[in-house]
Amino acid sequence: MHLSKRLERVASFVREGGVVADIGTDHGYIPIYLVKEKRAVSAIAMDVRTGPLSRAKEHIAEYGLTDRISVRLSDGLEKLRPNEADTVVIAGMGGELMIRILKQGRHMWESVKQWVLSPQSELAQVRRFLAQEGFLTEKEDMLEEDGKFYVILSVGREAGEERENETGVAGEGPCGQQDTCRKQDTCEKQGICEKQDAGIYIKKTEEYSIEELYGAYLLRERHPVLYDFLVKEQAVKQQILQGLSGQTGEGAVRRRQTLERELLKNEEALRIFEKSV
């Protein structure tokens with residue numbers, strides 16, 4: 001079976017030998033590929049829509065895998081039960097929808113060993129959500145296909161069901177719902193907080209760090225595709241900024257200020273690559 005470059009990379013993240021649940025399976029290509037290539041023992045193809053699920057069922061039958069891949073109508077993780085799957089794949093959807101699915105699927109958080117995620121938008125929001133909820137990014141990759149950039153993450157859970165931050169609130173993680181915390185190491189590494197006077201770290205609400213925007217793993221590895229993305233992003237934002245030059249309307253001024261801040265983050269990320277030269 002031939003997969004697109006993006007789906008093949010997503011499939012390559014899945015650890016061998018387990019049961020995989022594919023959320024939003026669409027045509028069922030990822031479960032079919034994983035089972036056919038013996039990367040997965042079996043799989044569950046799940047989708048909220050009956051149309052795509054019917055097509056997935058047909059494709060699974062074509063490959064003679066009905067005994068190893070089941071289909072299930074489900075809104076996200078709703079119909080998946082704990083310990084049914086070792087790995088969960090969620091790909092090909094926006095970041096906000098992915099966050100909703102993860103939030104509503106808390107019953108699966110502790111039993112799933114690996115989460116393979118590929119959000120198509122709101123990457124910074126997804127990264128912040130994962131960090132705040134105790135997920136650890138084990139691996140991250142980026143690729144370009146047909147002029148579009150895609151990010152794939154492999155994440156797992158921190159040891160222990162409940163974590164305690166420095167304010168003594170169990171299960172909330174760094175900052176949680178608190179306004180302040182003193183968990184310096186975690187906050188600085190994840191870019192969740194910024195330091196104020198007296199060593200207090202205040203939760204960021206409006207701005208994302210470069211790690212949240214572009215991925216700490218990708219920046220650390222100086223990923224070549226991320227570099228290409230940063231260069232293209234810089235050119236696009238500079239062009240838009242130039243087009244706003246001279247406009248004095250309130251909306252244009254706000255947009256210009258936002259672009260200037262975004263370009264500063266872009267330049268900060270590009271400097272990391274310059275250090276490697």
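Let's start inside the fold, with strand S2, which covers residues 40-47: six of its eight residues are buried, so the strand is largely enclosed by the rest of the structure. Keep in mind as you look around that this is a predicted model.

S2 has a partner on either side, so to speak, and the two are worth taking in turn. Strand S1 (residues 18-23) pairs with S2 in the parallel sense, over six bridges. If you want a spot to click on, Val 20 stands opposite Ala 43 in S2. To get from S1 to S2 the chain passes through helix H2 (residues 29-36), and this β-α-β crossover is right-handed. The pairing of S2 with strand S3 (residues 69-73) is also described as parallel, with five bridges. Here Met 46 has Arg 72, in S3, as its bridge partner. Once again a helix sits in the connection: S2, helix H3 (residues 50-62) and S3 make a right-handed β-α-β unit.

Arg 72 deserves a stop of its own. This arginine lies in strand S3. Is Arg 72 buried or exposed? Its relative accessible area is 19%, and the cut-off for buried is under 20%, so Arg 72 counts as buried. What does its side chain meet there? A polar contact of 2.9 Å links it to the side chain of Glu 84. Leaving out residues up to four places away in sequence, Arg 72 touches a string of neighbours, including Ile 44, Ala 45, Met 46 and Asp 47. Leu 53, Lys 79, Leu 80 and Arg 81 are also among the residues it touches.

Now zoom out to the whole sheet. It is an open sheet of seven strands with mixed pairing, and the order runs S3-S2-S1-S4-S5-S7-S6. S3 and S6 are the edge strands, each pairing on one side only. From one strand to the next, the twist averages 20°. Helix H1 (residues 5-12) packs on this sheet, where it touches strand S4 (87-93), S5, S6 and S7, and its direction makes about 155° with that of S6. H2, the helix from the S1-to-S2 crossover, packs on the sheet as well: it touches S1, S2, S3 and S4, and its direction makes about 175° with that of S2.

Over at the S6 end of the order, have a look at strand S7 (residues 148-157). S7 is mostly covered, with eight of its 10 residues buried. Strand S5 (residues 114-119) runs antiparallel to S7, and three bridges join them. Strand S6 (residues 135-145) is antiparallel to S7 too, joined to it by 10 bridges. Val 155 of S7 is a handy landmark here, as it is the bridge partner of Trp 115 and also of Thr 137. Another pair to find is Lys 139 with Ser 154 in S7. S6 and S7 form a hairpin with two residues between them, and Asp 146 in the turn has a positive phi of about 55°.

Strand S6 also holds Glu 140. At 4% relative accessibility, this glutamate counts as buried. A polar contact of 2.5 Å joins its side chain to that of Arg 127. Not counting residues up to four places away in sequence, Glu 140 touches residues that include Val 151, Ile 152 and Leu 153. Phe 13, Gly 215, Tyr 217 and Leu 218 are on its contact list as well.

Next, follow the chain to helix H10 (residues 250-274). At 1.5 Å a residue, its 25 residues should span 36 Å, and the end C-alpha atoms are 36 Å apart, which agrees. Buried residues of H10 include Ala 252, Leu 259, Leu 263, Ala 269, Leu 270, Ile 272 and Phe 273, and also Lys 265 and Asn 266. What do the buried residues of H10 pack against? Their partners are helix H7 (210-214), helix H8 (216-220) and helix H9 (224-244).

Finally, the chain as a whole. There are 10 helices and 10 strands in it. Of its 277 residues, 45% count as buried. Among contacts with a separation of 6 or more, 60% come from residues 24 or more positions apart.

How values were computed:
Residues numbered from 1 in each chain as written. Predicted model: local features only at pLDDT ≥ 70, side-chain atom pairs only at ≥ 80, totals over all residues. Heavy atoms only, no water. Buried < 20%, exposed > 50% of the residue type's maximum accessible area, 1.4 Å probe, protein only. Helix = DSSP H or I, 4+ residues; strand = E, 2+ residues; numbered from the N terminus. Pairing = 2+ DSSP bridges. Expected span 1.5 Å × (residues − 1). Contact = heavy atoms within 4.5 Å. Right-handed = clockwise from strand over helix to strand, strands pointing away. Polar contact = N/O pair within 3.5 Å; in protein donor to acceptor, adjacent residues only side chain to side chain. Axes fitted to C-alpha atoms, helices over the stretch in contact; angles between N-to-C directions.
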